Amino acid sequence: MMQASATAEREAPSARQQAVLDVVLGLMVEDGEQLTMDAVARRASCSKETLYKWFGDRDGLLTATVRWQASRVHAGHDAAQILDGATLRERLQDFAVTWLEVITGTTSVALNRIAIAHAGSRKSNLGGIVLANGRFAIGERVKPVLEAGRAAGLLAFADSEATFRTFFGLVGRDIQIRLLLGETLDFDGAEIRRDAGRAVEQFLALYGQAKPDPNRHV
């Protein structure tokens with residue numbers, strides 16, 4: 001991948017670049033199989049040369065797009081912060097809510113359907129890009145929060161990856177696979193918050209050192 005792409009990976013996209021990445025996501029929802037640099041340039045009213053300068057190549061553009069979509073999930077590092085119980089619960093709840101908001105959106109469903117199709121046909125590396133910059137990257141951002149909770153004596157676990165996978169499963173349940181297979185699920189903000197809260201309390205019941213709050217959904 002070209003040097004410009006590596007630079008884009010390290011830096012947050014500018015407002016103009018964010019607009020281009022939103023165009024890519026929009027094209028994926030409309031017809032991801034027709035996603036080309038030409039189509040993006042036309043829709044975003046910029047030149048292909050600009051796209052290559054910013055993102056390096058098509059894989060660089062797709063990588064930046066997946067990272068932009070994943071950035072909507074709040075899963076910030078807390079490794080250096082001493083957490084208390086309320087802050088830990090807040091961090092977990094924030095992740096669960098924003099992740100559910102992302103995966104239940106039409107954009108994420110379209111992106112993942114294309115990635116799965118391309119992974120099966122080996123048409124492109126989009127499946128690997130989504131894994132590396134979506135699920136795996138998010139896990140690396142959440143695990144420091146879990147480890148900070150363990151360091152503060154709030155959580156007890158041996159393996160942070162296995163523990164994150166448990167939390168991930170409690171939050172997502174079967175929602176994503178049902179959406180990918182075409183079921184219509186209507187989630188409003190209140191329902192997402194309830195589901196997220198339930199997942200957090202279930203997680204804390206499994207790994208928490210303190211008893212869950214009985215006034216919260218379990």
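Helix α5 is mostly covered, with 10 of its 13 residues buried. This is a predicted model, and α5 is a good place to enter it. The buried residues of α5 are G60, L61, L62, T63, A64, T65, V66, W68, Q69 and A70. The helix runs over residues 58-70, and at 1.5 Å a residue it should span 18 Å. Its end C-alpha atoms are 18 Å apart, so the expected span and the model agree. At the start of α5, D57 makes a polar contact: one of its side-chain oxygens comes to within 3.3 Å of the backbone nitrogen of D59.

Now step back to the whole protein. The secondary structure comes to 11 helices and 0 strands. Along the sequence the pattern is α-α-α-α-α-α-α-α-α-α-α. The protein has 218 residues, and 44% of them count as buried. Take the contacts between residues at least 6 apart in sequence: 71% of these join residues at least 24 apart.

Return to the N-terminal side of α5. Helix α3 covers residues 37-44, and its buried residues are M37, A39, V40, A41 and A44. What do the buried residues of α3 pack against? They pack against α2 (15-31), α4 (48-55) and α5. After α3 comes S45, which has a positive phi, near 55°.

Two of those partners, α2 and α4, also meet each other. Their axes come within 12 Å and cross at roughly 110°. An angle of 65 to 115 degrees counts as roughly perpendicular, and therefore α2 is roughly perpendicular to α4. On the α2 side, R16, Q17, V20 and L21 make the contact. On the α4 side, L51, W54 and F55 do so. By class, this contact has 5 nonpolar, 1 polar and 1 charged residues.

Further along the chain, a second helix pair crosses. Helix α8 holds residues 126-151 and helix α9 holds residues 160-172. They pack at an angle of about 105°, with their axes 9 Å apart. These two helices are therefore roughly perpendicular to each other. From α8, the contact uses R135, I138, G139, V142, K143, L146 and E147. From α9, it uses S160, E161, T163, F164, R165 and F168. The class count for α8 with α9 is 5 nonpolar, 3 polar and 5 charged residues.

The spacing of some contact residues can be read against helix geometry. An α-helix has 3.6 residues a turn, so residues three or four places apart point the same way. In α8, the contact residues include R135, I138, V142 and L146.

One residue of this contact deserves a closer look. T163 lies in helix α9. Is T163 buried or exposed? Its relative accessible area is 2%, and buried means under 20%, so T163 is buried. The side chain of T163 has a polar atom 2.7 Å from the backbone oxygen of D159. Leaving aside residues up to four places away in sequence, T163 touches L146, F157, F203 and Y207. Of these, L146 belongs to the α8 side of the contact with α9.

Last, look at H118. Its place is in helix α7, residues 106-121. H118 is buried, because its relative accessible area of 3% falls under 20%. H118 and G128 are 10 residues apart in sequence. In space, their C-alpha atoms are 9.6 Å apart.

How values were computed. Residues numbered from 1 in each chain as written. Predicted model: local features only at pLDDT ≥ 70, side-chain atom pairs only at ≥ 80, totals over all residues. Heavy atoms only, no water. Axes fitted to C-alpha atoms, helices over the stretch in contact; angles between N-to-C directions. Helix = DSSP H or I, 4+ residues; strand = E, 2+ residues; numbered from the N terminus. Parallel < 35°, antiparallel > 145°, perpendicular 65-115°, else oblique. Contact = heavy atoms within 4.5 Å. Nonpolar A, V, L, I, M, F, W, Y, C, P; charged D, E, K, R; others polar. Expected span 1.5 Å × (residues − 1). Buried < 20%, exposed > 50% of the residue type's maximum accessible area, 1.4 Å probe, protein only. Polar contact = N/O pair within 3.5 Å; in protein donor to acceptor, adjacent residues only side chain to side chain.
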